[in-house]
Amino acid sequence: MTQNLADTSRPAAAVIAANAGASRGWWRDAVIYQVYPRSFADGNGDGMGDLPGIRSRLPYLRDLGVDAVWLSPFYASPQADAGYDVADYRAVDPMFGTLLDADGLIRDAHALGLRIIVDLVPNHSSYQHEWFQRALREGPGSPLRERYHFRPGKGTEGELPPNDWESIFGGPAWTRTENPDGTPGDWYLHLFAPEQPDFNWDSPAVADEFRSILRFWLDMGVDGFRIDVAHGMVKAPGLPDLGSHDQLKLLGNDVMPFFDQDGVHEIYRSWRLILDEYPGERIGVAEAWTPTVQRTANYVRPDELHQAFNFQYLGTHWDADALREVVDVSLDAMRPVGAPATWVLSNHDVTRHATRFANPPGGTQIRTPGDRALGLRRARAATLLMLALPGSAYLYQGEELGLPDVTDLPDEVRQDPSFFRQAGQDGYRDGCRVPIPWSGTEAPYGFGPTPGGPSWLPQPATWAGLSVEVQTGDPTSTLELYRSALAVRREHPALGAGTEVTWLDAPEGVLAFRRDSADGSFVCTVNTTGEPVRTAAPGRVLLASAELTVVDGETVLPADCAIWWAA
Ligand code: NOJ
């Protein structure tokens, strides 16, 4: 199934790698833009985003001012979980293009000065993966079964699952197989959908295969990997029962026998050696849900990965005290391991922050549109806060347009597997995955080449007014705010990498902090309250998320607003 690449002899990373010396530590303050390939740009008009579409839009990302692009999976997959179920780790799914398209995309990105990070899904494969299919065919006793977690069931006839683990998507984490002779057989473990069997990382074949996959994509020229379920590969010996139900509620708060086991760090130490063999500082980013930021820091020790997502930050509501605390805790946790803190507000698994902040605090899965104007005001301010913090920031496609979640998708168009398994997590993730609007007045708003053409999820009619085309050149638009913020961030010496913020006295509900460098200082002020607040100006305004006024020599911070100052 692996596609052949006609010419693998040229070093793909030419431009970027040539600058390797000049870009030491590039990832420490990188702004990394997540592209969700299904929904970014559709080159061939079939309603599904693809690699040629992404390639054609790379100049937009360069002009936006990001440093790197993370691509969610585009590998061969039956799409049971939107590509997080990989059938062939070295092939591009035909719906996204070919390996040559991937090669062209990486080369074009590098020529534009953008780095490319690809998703790696090592916790589980697709049930259509050749290894799993062969293991099923060969039946109990086959050594090929050691690459996954096959177990006999409990009960007199083996009719009960081997343990009490529950799938993140709802229901038991085990599915029973049928033997080659048609009789009921062993069960296999899947922490996610039944179409996503978990690999057994005790099997040397699994570890070898992933080292080889890493090299395959590094040879293709990618600059790093976002590692899916990075906390999941190692399971507690003996796969012990948890002894409780509703296990989903424990995720991220408790130690689980299938998550954040210490053994996982050995894998990252071996991967780091491979990453370091390649020029240009190739990086690993952990998607690791752990009980504390301190546990997350274990993934980014100097001989492991480079970054880990800061989900504690993503989960913090629009509240000055809570935000200040999570910033402090995050910086404190990363300081001893020497890794940059990271910040993220949205991704393809959570309700977009423009909608989260439009609603009362309620977690990361919100089903109501809330107060759209309030949400957008806060989202714009939250972006300036995030981009002012020391470290690296992740943007999710469309947030630069101020897109809300689509909360009223009809059930019949939904594709999120957890929606169909009901009891599980995140059943409404399709709402943040709707294709983004580029131009024009008719759907799919430039997402595909033909007005009136298809898009795999329907876009709201209001999105005509949110397109890149409409927002470009409008100084009050969210897109221009992002462009300005990223330009200022690149230029101001006190922004970007670092480990410290100095909190300044501020009225209740207002955050103010200072960042200093030898070449200049910077202050960020954030009014999280719904009321205007007056403040003495700490310097010259660089950028503000809303219009400012000056009264009696004092600056008035509008409600839910952030301001950047040169101090
Ligand atoms: C995390 C991914 O972000 C999510 O989309 C996916 O469903 C699970 N991992 C399983 O791969």
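This report describes the overall form of a predicted model, then one helix and two loop residues.

## Overall form

The chain contains 15 helices and 21 strands. Its radius of gyration is 24 Å, close to the 24 Å that the globule rule gives for 567 residues, so the chain is as compact as a globular protein of that length. Along the principal axes, the C-alpha atoms occupy a box of roughly 85 × 50 × 50 Å.

Of the 567 residues in the chain, 60% are buried. Contacts between residues at least 6 apart in sequence were also sorted by separation: 68% of them join residues at least 24 apart.

## Surface and charge

The exposed area of the chain is about 21100 Å². Carbon and sulfur atoms supply 52% of that area.

The chain carries 47 positive and 76 negative charges. The mean positions of the two sets are 3 Å apart.

## Helix H6

Helix H6 covers residues 204-220, which is 17 residues. From its first C-alpha to its last it reaches 25 Å, close to the 24 Å expected at 1.5 Å a residue. After H6 comes Gly 221, which has a positive phi, near 105°.

The buried residues of H6 are Val 206, Ala 207, Glu 209, Phe 210, Ile 213, Leu 214, Trp 217, Leu 218 and Met 220. An α-helix has 3.6 residues a turn, so residues three or four places apart point the same way. The buried set includes Phe 210, Ile 213 and Trp 217. Glu 209 is also one of the buried residues of this helix.

## Ser 203

Ser 203 is located in the loop between strand S8 (184-189) and H6. Its relative accessibility is 7%, and because buried means under 20%, Ser 203 counts as buried.

Leaving out residues up to four places away in sequence, Ser 203 touches Glu 146 and Arg 147.

## His 245

A second loop, between strand S9 (224-227) and helix H7 (264-277), holds His 245. Is this residue buried or exposed? With a relative accessible area of 64%, His 245 is exposed, since the cut-off for exposed is over 50%.

His 245 and Asp 164 are 81 residues apart along the chain. Their C-alpha atoms are separated by 8.1 Å.

Methods. Residues numbered from 1 in each chain as written. Predicted model: local features only at pLDDT ≥ 70, side-chain atom pairs only at ≥ 80, totals over all residues. Heavy atoms only, no water. Helix = DSSP H or I, 4+ residues; strand = E, 2+ residues; numbered from the N terminus. Expected span 1.5 Å × (residues − 1). Buried < 20%, exposed > 50% of the residue type's maximum accessible area, 1.4 Å probe, protein only. Rg over C-alpha atoms; globule rule 2.2 N^0.38 Å. Contact = heavy atoms within 4.5 Å. Areas by Shrake-Rupley, 256 points an atom, 1.4 Å probe, with all protein chains shown as cover. Lys, Arg positive; Asp, Glu negative; His and termini not counted. Charge placed at Lys NZ, Arg CZ, Asp CG, Glu CD.
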